[in-house]
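Me: I'm new to reading protein structures and would like a close look at one part of this one. Could you walk me through it step by step?

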Amino acid sequence: MQYRRLGKSGLQVSALSFGAWLTFAKQIDNGVAEKLMHTAYDAGVNFFDNAEIYSKGEAELVMGKILKNSKWERSSFLVSSKVFWGGDKPNQKGLSRKHVVEGCHAALKRLQVDYLDLFFCHRPDANTPMEETVAAMTDLIRQGKVLYWGTSEWSAQEIMEAYSVARQYNLTPPTMEQPQYNMFHRDKVELEFEKLYEEIGLGTTTWSPLASGFLTGKYNDQKTGKGTRADIEGLEWLKEKLVGEEAIEKVKKVEKLMGLAKEIGVSMPRLALAWCLKNKHVSTVILGASKVSQLEENLKAIDDISKITEEVNEKIENILHNKPQKVVWA
Ligand code: NDP
């Protein structure tokens, strides 16, 4: 395993980490969840990602039990939660001081830990003043309940506002952002956040590196395979992504990428993951898996980073045709 600093912080996070979305307490049983976490930990993964919304808190309960039973030293792993969608009632969602604090307390209980290593604002909240959220996060940090706080799917402007408010009122600024990042979804990480890496030392814990499985080639027939994520009841948005012109374009790209993967001697998922890892602004790539065999395969991507040479990268760019472009004003 390779370890990277989480932005400018002193925290070392494994370049590959592991998350619970849609799998824990939903698609897989708890025994498989346990095997997956142990497979990850044994390979050097030190960060496990979770959120209050994942299976409505159940995913954190499952992860909490596994962590407790594992007897791993608390100092040897990082665990996160995310606050935003805690429930349906007015103060059970958003980023008010009330929900941030209550969301943290509830996550600590479910995960059976004394502190969260990372605590994310899962989305921006236009209905709460920025200083209220930043002050609440700062208080949790000062109380020792959270070590680092960050954001997820915030714009560069929102992150900058949080940073400025923190500096203005002597509060703690965000350390990391959790954006989607994969071969099909690049703009935020490669362009929008460009200045933030240097100016505020932003770290990134990136999600859906395989675009929910699309970048494995498993949906090239544009069908919902039995037992796959796209087969989960209620995930209409994912099923919809398998059809239409955009999907056809993506399939064509994946087919070409699969040819390239073969050429350099890796599997398609490993190529897609190694490509994410190659970006030095990515602190950690959060993996998802519903089977131990998938995770074992994906963990090998750490050894494939060096295979993404300049020449290979050029071939990838020629297939993807989606490199984020800066607007240059005349
Ligand atoms: P991916 O895009 O990597 O998708 C993972 C899924 O792809 C697996 O569950 C599995 O689905 C399939 N898969 C994985 N490896 C293979 C393989 N080798 N061969 C074939 N299929 C494979 O990541 P996720 O979307 O799961 O995101 C990872 C984590 O990121 C989440 O668990 C969560 O912690 C975080 N996240 C954060 C979000 C945020 O808003 N902050 C949003 C989404 C995720 P299948 O069962 O179909 O085989």
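In which loop is the place of Gln112? Please tell me about the helices beside that spot too.

Reply: Happy to help! Keep in mind that this is a predicted model. Gln112 sits in the loop between helix 4 and strand 6, the strand being residues 116-121. Its backbone has a feature to look for: phi of Gln112 is near 55 degrees, a positive value in a residue other than glycine. As for its surroundings, Gln112 has a relative accessible area of 37%, so it counts as partly exposed.

Now step back to helix 4, which covers residues 97-111. Helix 4 packs with helix 5 (residues 130-142) at an angle of about 30 degrees, and their axes are 9 Å apart. Angles under 35 degrees count as roughly parallel, so that is how helix 4 and helix 5 are described. Their crossing is right-handed.

Which residues meet there? On the helix 4 side you will find Arg97, Val100, Val101 and Cys104. Across from them, helix 5 brings Glu132, Thr133, Ala135, Ala136, Met137, Asp139 and Leu140. Sorted by class, this contact holds 7 nonpolar, 1 polar and 3 charged residues.

For a companion to Gln112, try Ala211, in the loop between strand 9 (203-206) and helix 9 (236-240). Ala211 is not a glycine either, yet has a positive phi of about 50 degrees. Ala211 has 16% relative accessibility and therefore counts as buried, whereas Gln112 is partly exposed.

Key: Residues numbered from 1 in each chain as written. Predicted model: local features only at pLDDT ≥ 70, side-chain atom pairs only at ≥ 80, totals over all residues. Heavy atoms only, no water. Axes fitted to C-alpha atoms, helices over the stretch in contact; angles between N-to-C directions. Helix = DSSP H or I, 4+ residues; strand = E, 2+ residues; numbered from the N terminus. Parallel < 35°, antiparallel > 145°, perpendicular 65-115°, else oblique. Left-handed = near helix turned anticlockwise from the far one by under 90°. Contact = heavy atoms within 4.5 Å. Nonpolar A, V, L, I, M, F, W, Y, C, P; charged D, E, K, R; others polar. Buried < 20%, exposed > 50% of the residue type's maximum accessible area, 1.4 Å probe, protein only.
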